[in-house]
Amino acid sequence: MKKIIEFAPAAAKEDKLEQISSYLEQLKTSLAELTEEYESQNADEEKVTALTEALDALEDAYDAIEEVLLDEVR
């Protein structure tokens, strides 16, 4: 019996991950700018901390997706 490999579904998943990665990059940039605004206006430290933690979470998500994309390329 011969195996048939379908590349289209894998390509679609990779495309989706690349789109998500791009969106996360945009979100990271926007959130970093907003966090800087809060910091420059001497906002409540708890708010700045919460925004910084959210930015860290976005960076972690971005890194995880990039790792998956690199593994799929191999």
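Biologist: Which residues does Leu69 touch, not counting residues up to four places away in sequence?

Modeller: Bearing in mind that this is a predicted model, Leu69 touches Glu14, Leu17 and Glu18 once residues up to four places away in sequence are set aside. Leu69 itself sits in helix α2.

Biologist: What makes Leu69 count as buried?

Modeller: Its relative accessibility is 9%. The label buried needs a value under 20%, so Leu69 at 9% earns it.

Biologist: How far apart in space are Leu69 and Ser21?

Modeller: Their C-alpha atoms are 9.5 Å apart, although 48 residues separate the two in sequence. Ser21 belongs to helix α1.

Biologist: Why is Ser21 called buried?

Modeller: Ser21 has a relative accessibility of 6%. Because buried means under 20%, Ser21 at 6% falls in that class. As for its surroundings, Ser21 touches Tyr62, Ile65 and Glu66, leaving out residues up to four places away in sequence. Ala61 can be placed too: Ser21 and Ala61 are 40 residues apart in sequence, with 8.6 Å between their C-alpha atoms.

Biologist: Let's turn to charges. How many salt bridges does a search of the whole structure find?

Modeller: One. Lys28 forms it with Glu25.

Biologist: What makes the pair Lys28 and Glu25 a salt bridge?

Modeller: The closest N and O atoms are 3.7 Å apart. The cut-off for a Lys nitrogen and a Glu carboxyl oxygen is 4 Å, so the 3.7 Å between Lys28 and Glu25 qualifies.

Biologist: Where in the helix are Lys28 and Glu25 relative to one another?

Modeller: Both are in helix α1, which covers residues 8–40. They are three residues apart there, which means a separation of about one helical turn.

Biologist: Are Lys28 and Glu25 buried or partly exposed?

Modeller: One of each. Lys28 has a relative accessible area of 14% and is buried, because the limit for buried is under 20%. Glu25 stands at 33%; that value lies between the 20% and 50% limits, so Glu25 counts as partly exposed.

Biologist: Which residues gather in a patch of negative charge on the surface?

Modeller: Glu53, Asp56, Glu59, Asp60, Asp63 and Glu67.

Biologist: What makes Asp63 accessible enough for such a patch?

Modeller: Asp63, which lies in helix α2 (residues 45–73), has a relative accessible area of 41%. A patch member needs over 30%, so Asp63 at 41% passes that part of the test. Asp63 is classed as partly exposed.

Biologist: Why is Asn42 called exposed?

Modeller: Asn42 has a relative accessible area of 70%. Exposed requires over 50%, so the label follows for Asn42. Asn42 lies in the loop between α1 and α2.

Biologist: What is phi of Asn42?

Modeller: Phi is near 50° for Asn42, a positive value in a residue other than glycine. For background, most residues other than glycine have a negative phi.

Biologist: What is Thr35 in contact with, leaving aside its neighbours within four places in sequence?

Modeller: Val48, Leu51 and Thr52. Thr35 is in helix α1 and has a relative accessible area of 6%, so against the limit of under 20% Thr35 is buried. Lys47 and Thr35 are 12 residues apart in sequence, and their C-alpha atoms are 8.9 Å apart. Lys47, found in helix α2, is partly exposed because its 48% lies between 20% and 50%.

Biologist: And the chain as a whole: how many helices and strands does the secondary structure come to?

Modeller: Two helices and zero strands. Of the contacts with a separation of 6 or more, 71% come from residues 24 or more positions apart. Among the 74 residues of the chain, 18% count as buried. The accessible surface is about 6200 Å², with 54% of that belonging to carbon and sulfur atoms.

Definitions and conventions: Residues are numbered from 1 along each chain as its sequence is written. This is a predicted model: local features need pLDDT of at least 70, side-chain atom pairs count only at pLDDT 80 or more; totals for chains, interfaces and linings use all residues. Side-chain values use heavy atoms; hydrogens and water are left out. A salt bridge is a side-chain nitrogen of Lys or Arg within 4 Å of a carboxyl oxygen of Asp or Glu. Helices (H or I, at least four residues) and strands (E, at least two) are DSSP runs, numbered from the N terminus. Buried means under 20% relative accessible area, exposed over 50%, partly exposed in between (1.4 Å probe, protein chains only). Contact means heavy atoms within 4.5 Å. Accessible areas come from the Shrake-Rupley method with a 1.4 Å probe; for residues, only the protein chains shown count as cover. Patches are made of residues with over 30% relative accessible area and no salt bridge: like charges are joined within 9 Å, nonpolar side chains (Val, Leu, Ile, Met, Phe, Trp, Tyr) within 5 Å. Lys and Arg count as positive and Asp and Glu as negative; His and the chain ends are not counted. The place of a charge is taken as NZ of Lys, CZ of Arg, CG of Asp or CD of Glu.
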